[in-house]
Amino acid sequence: MGTKVMIPLCSDFTDKRDTICIFGTGDFGRSLGSKLLQSGYSVIYGSRNPGDSSLLPRAAEVLSHAEAAEKCSVIIVAVQREHYGFLRELEDVLQGKILVDVSNNLKINQYPDSNAEYLAQIVPTATVVKAFNTVSVWALQSGSLDASQQVFVCSDDNKAKQQIMDIVRAVGLTPLDKGSLVAAKDIEDYPLQLFPMWRLPIYTCAGLTVAVFLYCVISDIIYNAEKKNDVSHHLMITIPNRIFPVVSLMLLGLCYLPGVFAAIIQLYRGTKYSRFPNWLDRWMLCRKQLGLVALSYAFLHAIYTLVIPIRYSVRYRSDMGIINLIKLNKTRILEKPLLWRSDTYLALGILGFFFYIVLGITSLPSVSNSVNWREFRFVQSKLGYLTLVLCTGHAMVFGWNRFLFLERYRWYMPPVYMISLVIPCIVLILKLILIIPCIDNKITKIRQGWERPSRGKSETKSKTYSVAL
Amino acid sequence: MGTKVMIPLCSDFTDKRDTICIFGTGDFGRSLGSKLLQSGYSVIYGSRNPGDSSLLPRAAEVLSHAEAAEKCSVIIVAVQREHYGFLRELEDVLQGKILVDVSNNLKINQYPDSNAEYLAQIVPTATVVKAFNTVSVWALQSGSLDASQQVFVCSDDNKAKQQIMDIVRAVGLTPLDKGSLVAAKDIEDYPLQLFPMWRLPIYTCAGLTVAVFLYCVISDIIYNAEKKNDVSHHLMITIPNRIFPVVSLMLLGLCYLPGVFAAIIQLYRGTKYSRFPNWLDRWMLCRKQLGLVALSYAFLHAIYTLVIPIRYSVRYRSDMGIINLIKLNKTRILEKPLLWRSDTYLALGILGFFFYIVLGITSLPSVSNSVNWREFRFVQSKLGYLTLVLCTGHAMVFGWNRFLFLERYRWYMPPVYMISLVIPCIVLILKLILIIPCIDNKITKIRQGWERPSRGKSETKSKTYSVAL
Amino acid sequence: MGTKVMIPLCSDFTDKRDTICIFGTGDFGRSLGSKLLQSGYSVIYGSRNPGDSSLLPRAAEVLSHAEAAEKCSVIIVAVQREHYGFLRELEDVLQGKILVDVSNNLKINQYPDSNAEYLAQIVPTATVVKAFNTVSVWALQSGSLDASQQVFVCSDDNKAKQQIMDIVRAVGLTPLDKGSLVAAKDIEDYPLQLFPMWRLPIYTCAGLTVAVFLYCVISDIIYNAEKKNDVSHHLMITIPNRIFPVVSLMLLGLCYLPGVFAAIIQLYRGTKYSRFPNWLDRWMLCRKQLGLVALSYAFLHAIYTLVIPIRYSVRYRSDMGIINLIKLNKTRILEKPLLWRSDTYLALGILGFFFYIVLGITSLPSVSNSVNWREFRFVQSKLGYLTLVLCTGHAMVFGWNRFLFLERYRWYMPPVYMISLVIPCIVLILKLILIIPCIDNKITKIRQGWERPSRGKSETKSKTYSVAL
């Protein structure tokens with residue numbers, strides 16, 4: 001409901017809820033138990049030594065495993081996978097009961113099968129439901145519930161799943177049906193991930209940032225230092241504001257490059273039914289994240305640029321320029337081409353930035369979920385390429401004819417904006433070739449399932465093999 | 001789960017999933033088939049000529065339609081509606097089976113009934129489930145799954161629906177229960193839409209933009225050209241930065257105008273139970289999109305404005321101003337009123353822009369889903385009108401008393417900011433009248449269901465008729 | 001489906017849907033009735049005086065309560081709780097029927113039990129489903145459906161719940177299963193809320209804003225007024241741009257202060273199983289909202305700052321500075337430290353603002369739902385503290401050594417930026433102490449469930465008591 005469902009601690013529930021059994025008196029068991037108590041359930045702990053219950057919530061009963069299981073139909077197994085063994089002996093008592101597996105592993109793929117499936121194998125007479133592993137019970141208890149309140153639930157038995165989903169709701173969380181128990185593997189891997197799709201884009205971005213930084217330091221600070229001109233203060237704003245646009249444009253190019261590669265590969269192979277090479281697959285899967293990293297750099301570039309007139313060094317230089325003009329009794333001449341160029345590259349940059357942001361908003365989960373495929377492809381391909389064209393144009397008009405003047409090539413290093421244009425230009429040229437009608441038609445046909453007739457049967461076999469298995 | 005569920009291609013599934021039958025060996029059938037194979041299902045294709053199966057995934061069996069259907073309980077009908085006829089002959093084999101209709105049409109309302117309902121009519125003994133039509137299988141296969149992964153599922157049979165939703169989840173997509181088979185029509189129309197609600201706002205915006213653009217070109221560039229003053233470079237930034245705020249303010253006014261009209265109509269008719277005229281209905285339905293277009297123009301206006309001090313022409317003019325002052329040995333006088341005016345209109349603009357953005361964020365699906373009606377109305381009407389007042393004030397203080405000086409009316413054309421004020425001022429004046437307590441009470445009463453006693457029975461009849469049918 | 005499901009008013013439904021009975025001919029009953037008629041259902045009204053039906057949709061039948069109930073299996077009770085009494089007499093007719101409670105209360109906690117549960121008590125032989133109370137039927141009818149279209153549904157009977165959820169979908173809304181009938185209380189409270197979690201943060205922010213405003217007015221405007229220097233125009237931009245950053249930094253500090261307090265309390269008590277004091281609980285629950293308010297102030301500060309060079313007063317002062325320099329035949333000296341300081345505090349501010357915005361985006365419901373706990377904690381604690389450090393650094397470098405010059409202390413009042421640094425510095429110092437390895441290990445152990453051995457049994461008892469009940 002957006003806000004937390006607050007069930008008062010001390011109210012007297014007229015409709016007492018069910019009794020739930022918890023195996024295991026560790027931290028998770030204790031925390032979940034007191035949360036369940038607060039939500040109106042009765043809780044019975046199953047413990048090896050029911051006598052020692054000092055840490056457990058007082059309102060809960062503590063019995064032996066068998067006694068506890070007998071009294072309830074739902075048993076939460078808050079025990080680590082290594083200790084599931086003891087459940088084998090309880091098979092008779094557990095017959096027909098619902099076992100809730102809440103366990104997590106320490107790392108992804110620690111075991112070949114999921115803990116929940118392993119539990120179902122150990123106690124085949126019970127119904128196993130996977131749930132509660134994605135929430136932090138500490139946070140649940142301490143009330144810091146700003147993060148996801150979703151609890152993934154899966155089970156082969158729909159009725160048992162519904163029952164557990166009701167408990168999840170009663171505790172104030174949102175259950176999410178993830179289907180049958182096969183999904184347990186993914187559910188158990190989920191809380192262990194740390195932005196897996198962001199890694200490649202962030203590493204790429206970091207690498208490019210360092211490279212461009214070094215390039216700028218050499219061609220600006222060190223170059224000037226050799227001329228006895230200390231511009232080390234460029235480190236704070238001038239150089240970052242050169243790095244951000246350059247890397248952002250490169251990353252935006254890298255966003256659209258794999259799509260172009262994919263089209264070329266499909267054209268070459270004459271089919272869409274063979275898998276792309278692995279590196280291309282990985283690249284294509286992280287395009288959204290690449291784009292968002294590029295957007296954040298573009299955002300930084302925008303603010304760094306807008307801040308320019310406030311900077312002390314800029315104001316100083318501008319003031320001194322006027323004072324010198326007056327001292328020398330000169331006047332400035334309005335350069336018409338510069339007028340156009342200055343306004344044009346600003347306008348292109350602003351429009352590019354605007355569509356960049358529209359693309360970013362469209363990739364918010366709730367927005368992308370509310371558009372259909374046709375709309376999504378329209379935004380991502382049409383608007384995406386428009387953005388790329390505008391930003392490339394922004395960089396080109398910014399550079400203008402400076403690449404003609406060799407004195408700009410410090411130590412034979414071209415200005416950094418020229419380097420940023422390489423990838424986007426490759427993408428745009430390839431794309432221009434691909435949208436030539438005759439080529440475009442072929443790609444469309446291939447993507448609709450057409451295949452270039454193959455030369456031998458054996459070839460087809462090996463090809464389909466690569467798809468099917 | 002946010003990230004894609006990657007099921008490895010070559011793992012040996014200990015728990016083999018069900019066998020699924022696919023009728024049709026076209027592109028969709030093939031693609032979905034190999035995806036299902038990857039997810040651990042067995043796939044049997046039903047084909048007219050089972051011998052020719054070169055393009056199908058090798059791991060799949062290919063049989064005749066009847067043989068294939070017999071072996072499975074779930075049959076995916078990947079065939080176009082025109083060819084559903086052959087299923088009539090299979091009625092016996094299909095008895096009790098689940099038929100999944102995955103078809104899409106070429107345009108909205110191509111057929112009077114939905115394909116799924118038509119299928120249910122042809123094979124009345126089977127259970128029909130509509131699913132999978134909203135996903136692009138090509139994208140599914142190539143892994144470019146950034147768009148919506150939602151699969152709308154509907155059926156009259158809940159159990160069959162659950163079964164298909166499990167398959168959807170297994171393939172790595174998110175099923176969304178859309179209820180009974182009547183929903184199939186909407187589900188089939190959904191992927192054909194291309195921003196239907198955005199069309200009217202975008203056309204309105206484009207029309208206004210062109211009109212204001214021409215107005216500005218005439219009153220600025222052509223007017224100056226006649227005075228031998230070439231200001232064509234205004235095209236890049238100066239004129240856009242006049243268009244954006246003017247159109248944005250008009251659109252914001254247009255956002256709130258239909259609500260005011262609706263209240264007046266209800267007041268006049270003395271009831272809320274009669275339908276609004278069609279044009280008003282359409283207008284009211286696209287207010288959110290109108291507001292978002294207005295916000296994007298406001299955003300562009302903000303950046304175009306912030307960029308001003310960086311522009312070469314502005315810096316040139318400012319420098320020349322100082323140089324001329326010194327040459328003429330004059331000094332500038334601080335004009336107090338200008339001081340107030342300049343800061344006031346900037347402050348109003350910034351605050352208006354801020355609330356604009358708050359409104360925009362509130363209209364994100366996930367945010368508007370987490371507020372209730374009371375909160376939503378508070379934000380949209382209270383904050384909305386606050387925004388309108390602030391932005392109108394911004395434009396008024398910007399113009400100040402300029403409308404008094406006739407020399408500003410180039411060729412008798414008033415400055416464009418005055419035109420932008422017309423709609424917002426109408427809205428604000430009407431709104432001011434509507435919130436006069438006695439009128440406000442009446443509207444509230446009408447909206448709570450009160451009706452002005454009608455003069456004759458026949459009138460009531462015709463009125464309720466218009467509501468009910 | 002993102003866009004509204006438009007079911008044409010005049011189509012002839014081949015598959016006539018069920019007949020639904022509505023008790024109550026008030027506004028809600030009439031509106032919902034005509035909406036149901038539009039969606040293809042037949043509607044029968046149950047009324048005390050079936051003769052007087054002038055206001056009801058003509059297509060609907062109007063019968064007595066008993067007659068109407070007999071004909072349908074689903075009965076919508078659009079009657080206020082106070083009048084539920086008459087249902088007692090209909091107990092026989094209502095046996096086995098589904099009663100849909102759509103009622104809302106006037107204020108939260110008006111009755112000890114929920115209306116739906118009260119209804120279930122009155123007619124124990126019927127199945128009660130809570131639904132439709134969260135939508136505004138007026139909006140539904142008039143088509144202004146931009147707000148949440150979610151209908152919360154709960155019931156103890158799953159089948160009845162499914163049936164009502166189908167009706168909700170047919171009407172074009174999105175049902176959301178909230179579990180068993182116990183949830184009715186929350187569902188009934190939901191539409192009455194007006195940003196409950198935002199109140200404390202907004203009041204805090206308003207209080208701080210007023211305090212800082214007065215402080216600035218005294219130390220700037222009044223102080224200057226006494227020196228015969230009228231700077232009242234500072235009210236528009238200069239003073240707001242002092243208030244926004246100062247309050248924003250304070251609020252950001254207040255965001256992280258309760259977390260630090262919580263850690264200290266846990267360290268002191270040696271356990272995590274005792275509840276935090278109430279004020280700390282409330283504080284922790286509204287941290288997200290505190291952060292968003294702080295972000296909005298930071299956003300305003302950013303724009304107010306970027307607008308500086310456009311301001312008339314700033315341009316005037318800058319121009320006069322140059323003119324004076326020339327008149328006095330002086331020149332400006334480039335101050336290297338100022339160069340570094342100016343660029344550094346701008347860079348720190350921009351980076352801080354950037355991470356601020358990343359934090360804000362992460363707190364959008366759809367984004368925070370798509371990250372797991374590990375990722376959420378990474379963003380909120382790591383990036384959060386990074387933001388705090390950057391913003392604190394921004395303020396410190398901005399102030400630099402000004403705190404050393406007593407002439408800056410107008411009337412012994414320190415510059416306002418110094419006051420803004422108090423809370424963030426306390427937070428950062430405490431945090432620095434808490435992440436000293438030996439202390440950090442202890443907290444981690446406590447949070448994993450470890451408890452410092454208690455001295456007596458009685459103490460444990462009282463402690464667990466406070467948790468459990």
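Let me start with the symmetry of this predicted model, in which a rotation of 120° with 0.0 Å of shift along its axis superposes chain A on chain B, at an RMSD of 0.0 Å. That is the relation of a three-fold axis, and the C-alpha of chain A nearest to that axis belongs to Ser366(A), at 3.2 Å from it. As for how the copies touch, only 14% of the interface residues of chain A are also interface residues in chain B, so the copies meet through different surfaces.

Now I would like to turn to one element inside chain A, namely strand 7, which covers residues 150–155. How many of its six residues are buried? Six of the six are, so in the sense of under 20% relative accessible area the strand is mostly covered. If we look at the side chains, Gln150(A), Phe152(A) and Cys154(A) point one way from strand 7 of chain A, while Val151(A), Val153(A) and Ser155(A) point the other way, and residues on both sides are buried.

Next, the neighbours of this strand. Strand 6 of chain A, residues 127–130, pairs with strand 7 of chain A in the antiparallel sense over two bridges, and Lys130(A) has Cys154(A) as its bridge partner there. Strand 8 of chain A, residues 174–177, runs parallel to strand 7 of chain A and is joined to it by four bridges, with Val153(A) standing opposite Asp177(A).

Finally, the connection: strand 7, helix 6, which spans residues 158–170, and strand 8, each of chain A, together make a right-handed β-α-β unit.

Methods
Residues are numbered from 1 along each chain as its sequence is written. Chains are lettered from A and ligands numbered from 1 in the order in which they are written. This is a predicted model: local features need pLDDT of at least 70, side-chain atom pairs count only at pLDDT 80 or more; totals for chains, interfaces and linings use all residues. Side-chain values use heavy atoms; hydrogens and water are left out. Copies are superposed by least squares on the C-alpha atoms of residues with pLDDT of at least 70 in both. Contact means heavy atoms within 4.5 Å. Buried means under 20% relative accessible area, exposed over 50%, partly exposed in between (1.4 Å probe, protein chains only). Two strands pair if DSSP finds at least two bridges between them. A crossover is right-handed if, with the strands pointing away from the viewer, the path from the first strand over the helix to the second runs clockwise.
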